[in-house]
Amino acid sequence: MAKLPNVVCKISGLLIDADWERWTLEEVLWFARMAAKAFGVSRIMFGSDWPVCEAAGGYGKWREVVAALTRENWSG
C-alpha cells in the first residue's frame, strides 16, 4: 500500500497492539519508524487513539509517545 502515492498511514493504536502491561517507548517507536520508512513522513498522520488507549496506559502515556515521535530526526 505504501507504494501507492495517494495512500497515507495513520499512526494510532500502537499501545493497544503492544503488551498493555510491559510495552516500552522504544518498542512502540519502532513501529512508527517502520511506517515512516515505508510511507515517508509527509504521508503519516496522527490519531489520538482516545479512548481506546486508556486500556494500555492512558492518554498521558500515549502523549509521551507522541512527544517522542515529534522529537525524532525524520530526515535520516
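The protein chain has a radius of gyration of 12 Å, which agrees with the value near 11 Å for a compact globule of 76 residues (radius taken over C-alpha atoms; globule rule of 2.2 Å times the number of residues to the power 0.38). The structure is a predicted model, in which local features need pLDDT of at least 70, side-chain atom pairs count only at pLDDT 80 or more, and totals for chains, interfaces and linings use all residues. Residues are numbered from 1 along each chain as its sequence is written, and side-chain values use heavy atoms, with hydrogens and water left out.

Along its principal axes, the C-alpha trace spans about 35 × 20 × 15 Å. Three helices and two strands are present in the protein chain, in the order β-α-α-β-α from the N terminus; helices (H or I, at least four residues) and strands (E, at least two) are DSSP runs, numbered from the N terminus. Of the contacts with a separation of 6 or more, 76% are between residues 24 or more positions apart (contact: heavy atoms within 4.5 Å). The exposed area of the protein chain is about 5200 Å², of which carbon and sulfur atoms supply 58%; accessible areas come from the Shrake-Rupley method with a 1.4 Å probe, and for residues only the protein chains shown count as cover. Buried residues constitute 34% of the 76 residues, where buried denotes under 20% relative accessible area, exposed over 50%, and partly exposed in between (1.4 Å probe, protein chains only).

Two aromatic pairs were counted, with rings of Phe, Tyr and Trp (its six-membered ring) paired if their centres lie within 6.5 Å, and with planes under 30 degrees apart classed as stacked, over 60 as edge-to-face and the rest as tilted. The rings of Trp30 and Phe31 are edge-to-face, because their planes stand at 90 degrees, with the centres 4.8 Å apart. Phe31 is partly exposed at 46% relative accessibility. In the second pair, the rings of Phe46 and Trp62 have planes at 10 degrees and centres 6.0 Å apart, and are therefore stacked. This pair links distant parts of the chain, as Phe46 belongs to strand S2 (residues 44–46) and Trp62, 16 residues away, to helix H3 (residues 59–71). Phe46 is partly exposed, at 44% relative accessibility, whereas Trp62 is buried, at 0%.

Trp30, located in helix H2 (residues 25–39), is partly exposed at 44% relative accessibility. Together with Phe31 and Met34, Trp30 makes a nonpolar surface patch of about 320 Å². Patches are made of residues with over 30% relative accessible area and no salt bridge, like charges being joined within 9 Å and nonpolar side chains (Val, Leu, Ile, Met, Phe, Trp, Tyr) within 5 Å.

Asp49 lies in the loop between S2 and H3 and is buried, with a relative accessible area of 13%. Leaving aside neighbours within four places in sequence, Asp49 is in contact with Ser12, Gly13, Leu14, Ile16 and Trp62. The C-alpha atoms of Asp49 and Gly13 are 5.7 Å apart, although the two residues are separated by 36 residues in sequence.

Two salt bridges were counted, each defined by a side-chain nitrogen of Lys or Arg within 4 Å of a carboxyl oxygen of Asp or Glu. Asp19 pairs with Arg22, with the closest N and O atoms 3.4 Å apart; Asp19 is partly exposed at 34% relative accessibility, and Arg22 is exposed at 61%. The other salt bridge joins Glu26 and Arg33, with an N to O distance of 2.5 Å. Glu26 is partly exposed, with a relative accessible area of 48%, and Arg33 is likewise partly exposed, with 24%.
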